[in-house]
Amino acid sequence: MKKVTLFSGYIIINNALYHDKEALSKIEELLQNTDILEVCSQLNGSFRFVIDTPTNTFFGIDHFGGYSLFYKNFPNFEIIINPNQKSQLSDIQDNQLCSLLASGFCYGDNTLFKNIKECTPGILYSYDKINKTLIKQEWFRIDFSQQKVRKKEELSHLLLSLIPDNFQQSHLALTGGIDSRLLLSLFRKKAAQITAITYGTTNNPDINLAEHIAQHSEIEHLSYYFDKLDLKPYFENEELMKFFSAGFLGRSLPFESDWVVSNILKNSTSWITTGFTSFWLRSPYQDHLPVPDKASLIAKIINTHSQQTLHSSAKFKSIIQENIIESMTHFQMDNFDSDYDRWNVENRQHKYIINSCNNYRQSNIEVFLPLFDKRLMSFLNNTSREQRLEQKIYMDAIISDIFIGNESYLRNIPTTNPKFSNHIKQNKTTAFNWKKQILQLDRNNFNRIFRKPSNPMYGIIQSVLLQSPDFLSLKVQDAFPNIKNTISLLNDLNLTNSAKHLTWLQNKRVVQLNLLGIEIMGFLVDKFDLLLKN
């Protein structure tokens, strides 16, 4: 007897979407005649589940990590929705707090808390109730190692099928970018009812482009400017605990922008659709720097994902390296380029997707993520790097087969994305020339975009952290005066490596951090102690 005792999210079967209870019933139907691992391999969507049998408890999350689920296997087995509610100050792990400081998230299946693990996407977990053992079986993997040349028409056909036939109404997170334009076009082709929503700052050109696109599309459009709104009420103490519960969950920073928007949209919609900056889909040129060995792989991950607050010491960097290595224990380590792509999706992308989604779910809004459809991810898993480089095949499919006829205006409206413009002009840059340019890149400039006032998070910092015009030139200890109390708290908790890092960092200038680094500091020194004390 197999019984689904917990299910949250949605699944797509035969191009129809089923949500929560409807999805649970569909899964129970499949389980009647099919092995649980086989059922998992058939599922497409964003979800978490627990299935009980007399001898085992099976549990897991979807193929890309749109939902979070945690478990404890010591001293007793337990499945956990929110680890914050199951942990105390003494449970915090110093090495994972260092990871949070370095990148904004914990690596692998670790959380901040001892003995509490996070489910990895695409893994079926099976707890044997009799022998009290836990087994993991993989049913989906992000793996770009099996590369082949794909036909553009295959991708076009797949893109046109991403919106389920019965999905009729949603808010759409619309920017001036290509991903949200694609989703807009796909919704129009399905004649679905959508309301576009755009958020950011007045300096963000994407808001103006989105308004222009919405006008041409003749759809309702709502714009929210974070540098004009009073955002402080969304971060008062009572609301903060909801925010932590929705986004933090012991494993990465919450997303302030989505928290604000979810509160704005509360009671006005049950669905929001977003492309959510699908990095795995972008395949930017900096991700194609060659990775010849394991040491190069670790160095590349650190340079790309772990440079938010600078590295205070060799000890601090060593902790980050150890955490990264531990997060890859389930990797085959036979293709280091592929391993980098996989690490990016399983860690950085996965953590931030959940934070974004959970903020909306806290307001009873479900998030639909068509660009993380399993069919699309599987297709690009097996597509050559040359075709994925700077989204070549993706752009070709959109321009040639999606933005045509009544949708051609989506191709003609300007964009801030030079890759799209280059494709429109039929740029003849070859993959070989790209590779030559890649080798000459200044890696230290990868994250400078975070400092730009056009970044949506900039308005959050202006409003919530109350930054002054000379904020970036201040010392960290002057910009964040509570840092001394935070250092004292960490020392009291015996979190010495994290305390030493903040002690060193307090004399640096704010400008030496990128924007996410500022977010990390604001979170830790102004909000983290509040979380810990509750």
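**Figure 1. The open sheet of the predicted model comprises 5 strands.** The strands follow the order 12-11-10-13-14 with parallel pairing; helices (H or I, at least four residues) and strands (E, at least two) are DSSP runs numbered from the N terminus, and two strands pair if DSSP finds at least two bridges between them. Strand 12 (220-225) and strand 14 (366-368) each have a single partner strand and stand at the edges, so one side of each lacks a neighbour in the sheet. On average, neighbouring strands are turned by 30 degrees against each other, direction ignored. This is a predicted model, in which local features need pLDDT of at least 70 and side-chain atom pairs count only at pLDDT 80 or more, while totals for chains, interfaces and linings use all residues. Residues are numbered from 1 along each chain as its sequence is written, and side-chain values use heavy atoms, with hydrogens and water left out.

**Figure 2. Strand 10 pairs with strand 13, and helices pack on the sheet.** Strand 10 (residues 169-173) and strand 13 (residues 271-273) run parallel and are joined by 2 bridges; L172 has T273 as its bridge partner in strand 13. Helix 5 (residues 178-189) touches strand 10, strand 11 (193-200), strand 13 and strand 14, a contact being heavy atoms within 4.5 Å. The direction of helix 5 makes about 160 degrees with that of strand 10; axes are lines fitted to C-alpha atoms, for helices over the stretch in contact, and angles run from 0 to 180 degrees between N-to-C directions. Helix 6 (residues 205-217) lies across strand 11 and strand 12, at about 170 degrees to strand 12.

**Figure 3. Helix 13 (residues 374-381) is largely enclosed by the rest of the structure, because 6 of its 8 residues are buried.** The buried residues are K374, L376, M377, F379, L380 and N381 (buried, under 20% relative accessible area; exposed, over 50%; partly exposed, in between; 1.4 Å probe, protein chains only). At the start of helix 13, a side-chain oxygen of D373 comes within 2.8 Å of the backbone nitrogen of R375.

**Figure 4. E138, R141, R342 and E346 are linked in a network of salt bridges.** A salt bridge places a side-chain nitrogen of Lys or Arg within 4 Å of a carboxyl oxygen of Asp or Glu. E138 and R141 meet at 3.0 Å, N to O; E138 is partly exposed at 33%, as is R141 at 27%.

**Figure 5. D109 forms a salt bridge with K117.** Their closest N and O atoms are 3.8 Å apart. D109 is buried at 16% relative accessibility, whereas K117 is partly exposed at 24%.

How values were computed. A polar contact is a pair of N or O atoms within 3.5 Å; within protein, one must be able to donate a hydrogen and the other to accept it, and residues adjacent in sequence count only if both atoms are side-chain atoms.
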